[in-house]
Amino acid sequence: MFEHVDAYPGDPILTLNENFQKDPRQDKINLSIGIYFDDDGRLPVMEAVREAETALLSDLGPKPYLPMSGFAPYRDAVQSLVFGEQCAARTEKRIATVQTLGGSGALKIGADFLKRYFPQAQVWVSDPTWENHRFIFERAGFTVNTYPYYDDATGGLKFDAMLAAIDALAPRSVVVLHACCHNPTGVDLDDAQWEQLIAVLHKRELLPFVDIAYQGFGSNLDDDAFAVRELARRGVPMLVANSFSKNFSLYGERCGALSVLCQDAGEADRVLGQLTSAVRSNYSNPPTHGAKIVTKVLTTPALNEKWRNELTAMCRRIADMRGAIHELLSRHIEGETLSRYIKQRGMFTYTGLSAEQVDRLREQYGVYILRSGRMCVAGLNERNVGAVAEAIAKVIAPAA
């Protein structure tokens, strides 16, 4: 019956992580998967999250199904965090938000919704982008194209080429954008560039789909949401997928949301209905526990302040590790290309290493990064950054 089913080659990130687990070397270092580890190399439990969950567990009760759209206080808290408490679209009820299974679930629900109501549209993603962007939209039936983004030579942004490519797209094309901490490159637009891009999106009647999976890991929670809030301020229709996996360290709880900015409350109500229909056909309704943890933290002033302080400390630690590896590599390697380690932002950096150099890094030194050259800077700590810098310097040296 299933003889015609071909083998799944595996996800490049998750497969590499599995290979890391099988590696018997005691000094191996995992900088592949996008997870924040603390300076002891452990997955942290944020104190604000611990307190919120403890309070919830002390008051156990029935666990009925949530509505298809999700936990209402959670959805409201999402809108406040992503769009801003004072966002006019919020007060005017022009945002349709559903709770989803993480950021990936938000992308999937959004892709299904778009395919139903914009069946002739094509999707455009940055070159490069997170691998699952292409996979999700192609599985939904879209043709997926790329627009220029990363400059290999400088480790920066091809902004002029990006803007020109997007300015040439057909109306109602779907443009997938990273709000901050671009995955995989760590290269972001600045506010002035966002303003130019948003003007083009508006003029060309394009439909932005903003992925904001790392809010709080770039500069701060408000600055990292600049693109979303500026689009909302200008009244540009958009979809926004957000996730609490990273900034709450709640990876396994799959807490995310999809929001759609509409022109009026009636339109938002109809869109919400169709989003819940997409949820129903995928997984009926979302889980309760993680959403209640997030809601309690975001809506309890003392916990909210504690969480923000913890998140700020995590962001600073990543910045410190960027500075540390840049300083250590500067002892071995000359050239402007090293500046990418401190100019890029968030959990990831495109190192500029070739696939062959990445293979040597893994095979000879037990340092795991993606073959694209993407390194998860959040996996660095005071104990391993020296070994990583020395290994990178050794694999680069032959080509220097």
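This section describes the nonpolar cores, helix contacts and selected local backbone features of a predicted model.

The largest nonpolar core of the model comprises 106 residues. Within this core, the residues with the most contacts are Ile166, Trp307 and Ile325. Helix α12, spanning residues 301-330, gives the most to the core, contributing 10 residues. Another core, of 31 residues, lies apart from it and includes Val123, Val125, Val174 and Leu239. In soluble globular proteins, nonpolar side chains tend to be buried together. When residues up to four places away in sequence are not counted, Trp307 touches Met46, Ala48, Leu81, Leu221, Asn247, Phe248, Val297 and Leu298.

Helix α12 also packs against helix α15, which covers residues 385-396. The two axes come within 9 Å and cross at roughly 45°; α12 and α15 are therefore oblique to each other. The crossing in which α12 passes α15 is right-handed. On the side of α12, the contact is made by Ala324, Ile325, Leu328 and Leu329. The partners from α15 are Val385, Gly386, Val388, Ala389, Ile392 and Ala393. Ile325 thus appears both in this contact and among the residues with the most contacts inside the largest nonpolar core. By class, the contact of α12 with α15 consists of nine nonpolar residues, one polar residue and no charged residue.

A second helix pair is formed by α3 (residues 72-83) and α9 (residues 226-233), whose axes come within 8 Å. Their crossing angle is roughly 95°, which makes α3 roughly perpendicular to α9. Helix α3 takes part through Ser80, Leu81, Val82 and Phe83, while α9 supplies Val228, Arg229 and Ala232. Five of the residues in this contact are nonpolar, one is polar and one is charged. Leu81, a member of the α3 side of the contact, is also one of the residues touched by Trp307.

A further contact joins helix α5 (residues 102-117) and helix α10 (residues 265-282). Here the axes come within 9 Å and cross at roughly 115°, and α5 passes α10 in a right-handed crossing. From α5, the contact involves Lys108, Ile109, Asp112, Phe113, Arg116 and Tyr117. From α10, the residues are Val271, Gln274, Leu275, Ser277, Ala278, Val279 and Asn282. The contact of α5 with α10 is divided by class into seven nonpolar, three polar and three charged residues.

Two cis peptide bonds were identified in loops of the model. One joins Asp127 and Pro128, with omega at about 5°. Pro128 is located in the loop between β3 (123-127) and α6 (131-139). The other joins Asn183 and Pro184, where omega is about 25°. Pro184 is found in the loop between β7 (174-178) and α8 (191-203).

Positive phi values occur at two arginine residues. Arg172, although not a glycine, has a phi of about 70°. This residue lies in the loop between α7 (159-167) and β7. Arg172 counts as exposed, because its relative accessibility is 54%, above the 50% cut-off. For Arg254, phi is near 55°, again a positive value in a residue other than glycine. Arg254 is placed in the loop between β9 (238-243) and β10 (255-261). At 32% relative accessibility, Arg254 counts as partly exposed.

Two buried residues illustrate the surroundings of a loop position and a strand position. Gly373 is situated in the loop between β12 (367-368) and β13 (374-376). With a relative accessible area of 1%, Gly373 is buried. Its C-alpha atom is separated by 5.9 Å from that of Gly352, although the two glycines are 21 residues apart along the chain. Leaving aside neighbours within four places in sequence, Gly373 makes contact with Thr349, Tyr350, Thr351, Leu353 and Val358.

Asn145 belongs to strand β4, which comprises residues 144-148. The relative accessible area of Asn145 is 18%, so this residue is buried under the 20% cut-off. Neighbours within four places in sequence aside, Asn145 is in contact with Gln122, Val123, Trp124 and Val125. Of these, Val123 and Val125 are also among the members of the 31-residue core.

How values were computed:
Residues are numbered from 1 along each chain as its sequence is written. This is a predicted model: local features need pLDDT of at least 70, side-chain atom pairs count only at pLDDT 80 or more; totals for chains, interfaces and linings use all residues. Side-chain values use heavy atoms; hydrogens and water are left out. A nonpolar core is a set of buried Ala, Val, Leu, Ile, Met, Phe, Trp, Tyr and Cys residues joined through side-chain atoms within 4.5 Å. Buried means under 20% relative accessible area, exposed over 50%, partly exposed in between (1.4 Å probe, protein chains only). Helices (H or I, at least four residues) and strands (E, at least two) are DSSP runs, numbered from the N terminus. Contact means heavy atoms within 4.5 Å. Axes are lines fitted to C-alpha atoms, for helices over the stretch in contact, and angles run from 0 to 180 degrees between N-to-C directions. Angles under 35 degrees count as roughly parallel, over 145 as roughly antiparallel, 65 to 115 as roughly perpendicular and the rest as oblique. Ala, Val, Leu, Ile, Met, Phe, Trp, Tyr, Cys and Pro count as nonpolar, Asp, Glu, Lys and Arg as charged, and the others, Gly among them, as polar. A crossing is left-handed if the near helix is turned anticlockwise from the far one by less than a right angle, and right-handed if clockwise.
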